[in-house]
Amino acid sequence: MDAPGFMASLVAGGVAGASVDLILFPLDTIKTRLQSPQGFNKAGGFRGIYAGVPSIAVGSFPNAAMFFLTYEYVKCLLHADSAPHVRPVKHMLAASAGEVIPFSLVQFPLWESLKALWSWRRGHVVDSWQSAVCGAFAGGFAAAVTTPLDVAKTRIMLAKAGSSTADGNVLSAMHGVWRSQGLAGLFAGVFPRMAAISLGGFIFLGAYDQTRSLLLEVGRKSP
């Protein structure tokens, strides 16, 4: 990846990360409270859902910038002379290099595959808004299939010190939710999570593609 591409990925990633956190932080707070074993109202309800938004957004800029820089660089390295049917695996590897979480391993290969399919159907590279739509679908699907893991993470974070759940064993936490609440417990908050992450995927990946395209265009026009 050349210097303009390096800078474009770095800045566009930061802009995308800050944008999505500023807009969606309150929805994530509501989702977490819905998953709380105390219940939504006792966990805080709608009170203070904007608390901490500025600091989160400032912190997300460098994190998202480094994620996308790593993602694009690894993707560039791995895509050399690669067959199309192998590329989803390479997108998974690139995403895991940037951030090793199950969500990214589902979202990014699906996002890239949807963009490639749309590009093939239309006969041209997708526009930024089309990339955003693909990001929304990819994010919603990834959100749905990883909800049990998110519920387990939330239970571990909210568990009382010294309890078995507080030990941090995700599988144990999921088993505990299954025993006490069944399938409904494992997928608690799935629809708000899907809605928030679909919107987040639209903003995050759309803003990234749009900002990166603009920066690369400016770079090409500069003497």
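## An aromatic pair in helix 2

F67 is buried, and Y71 is buried as well. This comes from a predicted model, so please read every value here as computed. The two rings form a stacked aromatic pair, with 6.0 Å from centre to centre and 10 degrees between their planes. Because F67 and Y71 are four residues apart in helix 2, about one helical turn separates them.

This pair has company. The count for the structure comes to ten aromatic pairs, and one aromatic cluster is formed by F67, F68, Y71, F108, W111, F204 and Y208.

## K75 and its two partners

Let's turn to charged side chains. How many salt bridges does a search of the whole structure find? The search finds six, and K75 takes part in a salt bridge with E72 as well as in one with E112.

With E72, the N to O distance is 3.4 Å. K75 and E72 both belong to helix 2, which covers residues 53-78, and they lie three residues apart, about one turn of the helix. Both of these residues are buried.

With E112, the N to O distance is 2.9 Å. Here the salt bridge links distant parts of the chain: K75 is in helix 2, while E112 is in helix 4 (residues 102-122), 37 residues apart. E112 is buried, just as K75 is.

## K115: a salt bridge and a ring

Which side chain meets K115 in a salt bridge? It is D209, at 3.9 Å from N to O. This pair also links distant parts of the chain, with D209 in helix 8 (residues 190-221) and K115 in helix 4, 94 residues apart.

Are these two residues buried or exposed? The cut-off for buried is under 20% relative accessible area. D209 has 16% relative accessibility, so D209 counts as buried. K115 has 12%, and therefore K115 counts as buried too.

K115 has an aromatic contact to look at as well: its charged end sits over the ring of W111, 3.8 Å from the ring centre. W111 is one of the residues in the aromatic cluster, which also includes F67 and Y71.

## Putting the pieces together

The salt bridges described above can be viewed as a group: E72, K75, E112, K115 and D209 are linked in a network. If you are following along in the 3D view, K115 is a handy place to pause. K115 belongs to this salt-bridge network, and its charged end sits over W111, a member of the aromatic cluster.

How values were computed: Residues numbered from 1 in each chain as written. Predicted model: local features only at pLDDT ≥ 70, side-chain atom pairs only at ≥ 80, totals over all residues. Heavy atoms only, no water. Salt bridge = Lys/Arg side-chain N within 4 Å of Asp/Glu carboxyl O. Helix = DSSP H or I, 4+ residues; strand = E, 2+ residues; numbered from the N terminus. Buried < 20%, exposed > 50% of the residue type's maximum accessible area, 1.4 Å probe, protein only. Phe/Tyr/Trp six-rings, centres within 6.5 Å; stacked < 30°, edge-to-face > 60°. Lys NZ or Arg CZ within 6 Å of the ring centre and 35° of its normal.
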